[in-house]
Amino acid sequence: MMKLEEIQNFAVIGAGTMGPGMALVLSQHGYHVKLYSRRQETRDKAKSVMMSSLATMRELGLLKQEEIDPVLGRIVLTGSLKEAASDAHIICETVAERRDVKRDLFDRLDKICPPETIFTSNTSSLNIFDLVPEARLPNTLIAHFFAPPHIVPLVEVVRGEKTKSEVMDLVVELLKKAGRTPVKMDKFVSGFVINRLYRALGREAFYLLDNGYITADQLDLAAKVALAPRMMFLGVIQRYDFTGLDISWNNLQNPDFVDPPVDNQPKSLKKLIDKGHLGVKTGKGFFDYSGKNLVDILKERDRKLIRVMQDLDMCLSESCAS
């Protein structure tokens, strides 16, 4: 079993949406990272995204100019899975969210990696423990980052039935050392914490949009002004204490407040997908991003998110509860 101070080498497998930010997090804290994608185009885009992210952090005073080159220097982009994984102490898998793709990847990694290598998956909902070779299960867990991973500190850490406790503890401590906020889940449930909450929230949001009760921009305005700031300090459960548990109970008994039906094909979402409007990556989704470069869009998002996250320490450290 490896010790915390012995872990130096990471392989981030997948350089699309999440991989570049995960690589930055690890490299900023002194770890050596191999960032793998089989496509040169993806690797080139990943490099541009990382450079832009580092420039944004420098502009906001979170990073010094002289620190940028060492951070990038600890990240090696490669199109060879063997080069990426053969000396990795920890694998961070973040490839396409498809069971067949992940199963094939873990079978290939099983043949490349030493027996003691820890396998982690960035899956947002899949039961990865059904896809990893049996012998690897004691050293396998889910470590689910959130976009953008170099700014949002949460990592959901999910153990499987056969995951060793010392592996779970090691990864949690490592994430803390890398400036993340790990939240431990004692057993697997699809979607974990945040995506289950998002799913419930999204079902209500799509119900309101599909039935013409509100437009997307007005719905987001309401969430930004009331939902988001209160959650920053009170979270989900503590808010009930401030509302009053009796009032919350009575609200649930109100027969006029009808929950939306289960609808996994909301019209407002399906309509955009059918038109090829997939969000910022295609220039249009519920909102229009045409005429803007993707790197510039992400940079603007990162700049504003960083300003919000600067107040997070206050929200986490100060509590009304004893």
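What follows is a walk through two helix packings, two cavities and one pocket in this structure. Keep in mind as you go that this is a predicted model.

Let's begin with helix H1, residues 19–28, and helix H2, residues 40–59. Two packed helices are described by the angle between their axes and the distance between the axes. For H1 and H2, the angle is about 55 degrees and the axes sit 9 Å apart. That angle makes H1 oblique to H2. As for handedness, H1 passes H2 in a right-handed crossing. From H1, the residues making the contact are Pro20, Ala23, Leu24 and Gln28, while H2 brings in Ala46, Val49, Met50, Ser53, Leu54 and Met57. Sort them by class and you get eight nonpolar residues, two polar ones and no charged ones.

Stay on H2 and look for its packing with helix H12, residues 294–309. Here the angle is about 35 degrees, with the axes 10 Å apart. This crossing is right-handed too. On the H2 side, the contact uses Ser52, Ser53, Thr56, Met57 and Glu59, and on the H12 side it uses Val295, Lys299, Asp302, Arg303 and Ile306. Notice that Ser53 and Met57 turn up in the contact with H1 as well as in the one with H12. What is the class make-up of the contact of H2 with H12? There are three nonpolar, three polar and four charged residues, whereas the contact of H1 with H2 has no charged residues.

Now for the enclosed spaces. How many cavities of 30 Å³ or more does a search of the whole structure find? The search turns up two. The second largest cavity takes us straight back to H2 and H12, since each of these helices supplies at least two residues of its lining. Its volume is about 30 Å³, and the residues lining it are Val49, Ser52, Ser53, Thr56, Val295, Leu298, Lys299 and Asp302. Of these, Ser52, Ser53, Thr56, Val295, Lys299 and Asp302 also belong to the contact of H2 with H12. By class, this lining has three nonpolar, three polar and two charged residues.

The largest cavity holds about 80 Å³ of space. Around it you'll find Phe10, Leu26, Ile90, Cys92, Thr120, Ala143, Phe145, Val171, Leu174 and Leu175. Strand E4 (90–93), strand E6 (140–145) and helix H6 (165–177) are the elements that give two or more residues to this lining. H6 gives the most, with three residues. The class count for the largest cavity comes to nine nonpolar residues, one polar and no charged.

Last stop: the second largest pocket, with about 480 Å³ of space. The pocket is lined by 19 residues, and the closest to its centre are His150, Ile151, Gly179, Arg180 and Met309. Which elements each supply at least two residues of the lining? They are H1, strand E8 (181–185), H12 and helix H13 (312–317). The largest share, three residues, comes from H13. By class, the pocket lining divides into ten nonpolar, six polar and three charged residues. So much for the tour: H1 and H12, each packed against H2, both come back as contributors to this pocket.

Conventions
Residues are numbered from 1 along each chain as its sequence is written. This is a predicted model: local features need pLDDT of at least 70, side-chain atom pairs count only at pLDDT 80 or more; totals for chains, interfaces and linings use all residues. Side-chain values use heavy atoms; hydrogens and water are left out. Axes are lines fitted to C-alpha atoms, for helices over the stretch in contact, and angles run from 0 to 180 degrees between N-to-C directions. Helices (H or I, at least four residues) and strands (E, at least two) are DSSP runs, numbered from the N terminus. Angles under 35 degrees count as roughly parallel, over 145 as roughly antiparallel, 65 to 115 as roughly perpendicular and the rest as oblique. A crossing is left-handed if the near helix is turned anticlockwise from the far one by less than a right angle, and right-handed if clockwise. Contact means heavy atoms within 4.5 Å. Ala, Val, Leu, Ile, Met, Phe, Trp, Tyr, Cys and Pro count as nonpolar, Asp, Glu, Lys and Arg as charged, and the others, Gly among them, as polar. On a 1 Å grid over the protein atoms alone, a cavity is a set of points where a 1.4 Å probe fits but cannot get out, and a pocket is an open set with protein on both sides within 12 Å along at least five of seven lines; lining residues have an atom within 4 Å of a point. Grid points are joined across faces, edges and corners, and a volume is the space filled by probe spheres set on the points.
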